[in-house]
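Let's take a friendly look at how a protein can surround a ligand. Have the sequence and the 3D view ready as you read.

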Amino acid sequence: MTTAVAAPFRFFALHVVRTRRLGPSLVRVSFAGEDLRHFFSDGRDQSLSLFLPHPGQDAPVVPVELGWGSSRSSAAESGGGWWQGWRELPDDVRAVMRSYTLREMRRDPDEIDVDFVLHTPAGPASAWAGRARAGDRVLLLGPAVADNRAIRFQPPDDTDLVLLRGDETALPAIASILASLPAGRRVRAWLEVRDARSARHLATAADAEISWLTDGTCLDVLRAAPLPPAERPYAWIAGESGSVKALRRHFVREWGIDRRRVTFVGYWRQGMTEEQLRAAG
Ligand SMILES: Cc1cc2nc3c(=O)[nH]c(=O)nc-3n(C[C@H](O)[C@H](O)[C@H](O)COP(=O)(O)OP(=O)(O)OC[C@H]3O[C@@H](n4cnc5c(N)ncnc54)[C@H](O)[C@@H]3O)c2cc1C
């Protein structure tokens, strides 16, 4: 007997419908496209791979016609197919691939939002977002199945306190996580922003205490504070990878949180492009 299993990830050809500045260093880009009817996600920290054109190209170059090769589970695992073909293209031709987070999905009309940090000096993705206009074309590698491996926020059922910590790149994920949590869920969140004007109201039904901190100060703040009372905490940490590692160490060594109950993801690394970060493992 064979069972039909839906492929968890696929390509979506999308275009920009509008952009909106959310603060001094954050821009929301809303995308639409016929393909979005096949897009399904449980949200939270759903990560996506975006393929962007270089300046002067009218569409991102990805040889999708080469198919999936040996695997369809994720970009990094697909041997052969489009992945191999894309890697073999010249640097200035092949689309820029960068990881971003689904901030929100809407139906009728189908749209998704992605919030981009505009950093200086800008990398190709940040620069693209800064000049994005309605009609600009992108390719997305994203989920066709709502419950998928690119959602990392997975608190165990017995969790009695959720700890969240992120910088501006993790703000979209934290906003979506908070929006997904039920009433009564205890949450303590620390958000680092470069500019106090980036702080804003985050909608949630959870019992959440949120602190907005100046960039780079979270570890000092946590060192001066005890772990909020909890028997079975779960922690989620994302942002610049050096600070993510230092905070994970603090949660595990100083606060005694079981390392299996700490999810941590380096979203970027100071001085490295995303290609270099991926190559460094
Ligand atoms: C799973 C996942 C989800 C992510 N979600 C988001 C998201 O929703 N929104 C978002 O904005 N980012 C998100 N990021 C981070 C984003 O992918 C990186 O910031 C990426 O490096 C940006 O690409 P770039 O082309 O602008 O810069 P790159 O070419 O990759 O880097 C160029 C230079 O800029 C520096 N740099 C990169 N990012 C920053 C930054 N934020 N601040 C200061 N300097 C930086 C690098 O160190 C490097 O020196 C996510 C990353 C991951 C892994």
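## Where the ligand sits

Domain bounds here come from an automatic or database domain assignment. Domain 1 (9-143) and domain 2 (161-268) both give residues to the shell around the ligand, so the ligand lies between them.

This is a predicted model, in which local features need pLDDT of at least 70 and side-chain atom pairs count only at pLDDT 80 or more, while totals for chains, interfaces and linings use all residues. Residues are numbered from 1 along each chain as its sequence is written, and side-chain values use heavy atoms, with hydrogens and water left out.

## The shell around the ligand

Which residues come nearest to the ligand? Of the 27 residues around it (a heavy atom within 4 Å), these are Arg98, Ser99, Val117, His119 and Arg269. By class, the shell has 10 nonpolar, 11 polar and six charged residues; Gly counts as polar in this scheme, and Asp, Glu, Lys and Arg as charged.

Strand 4 gives the most to this shell, with four residues. Strands are DSSP runs of E with at least two residues, and helices are runs of H or I with at least four, numbered from the N terminus.

## Backbone contacts and cover

Now look at the polar contacts (pairs of N or O atoms within 3.5 Å). A backbone N or O atom of Arg269 is 2.7 Å from a ligand oxygen atom. For Gly271, the distance from a backbone N or O atom to an oxygen atom of the ligand is 2.9 Å, and for Met272 it is 3.2 Å. On its own, the ligand has 910 Å² of accessible area, and the protein covers 91% of that (Shrake-Rupley method, 1.4 Å probe).

Methods
Polar contact = N/O pair within 3.5 Å; in protein donor to acceptor, adjacent residues only side chain to side chain.
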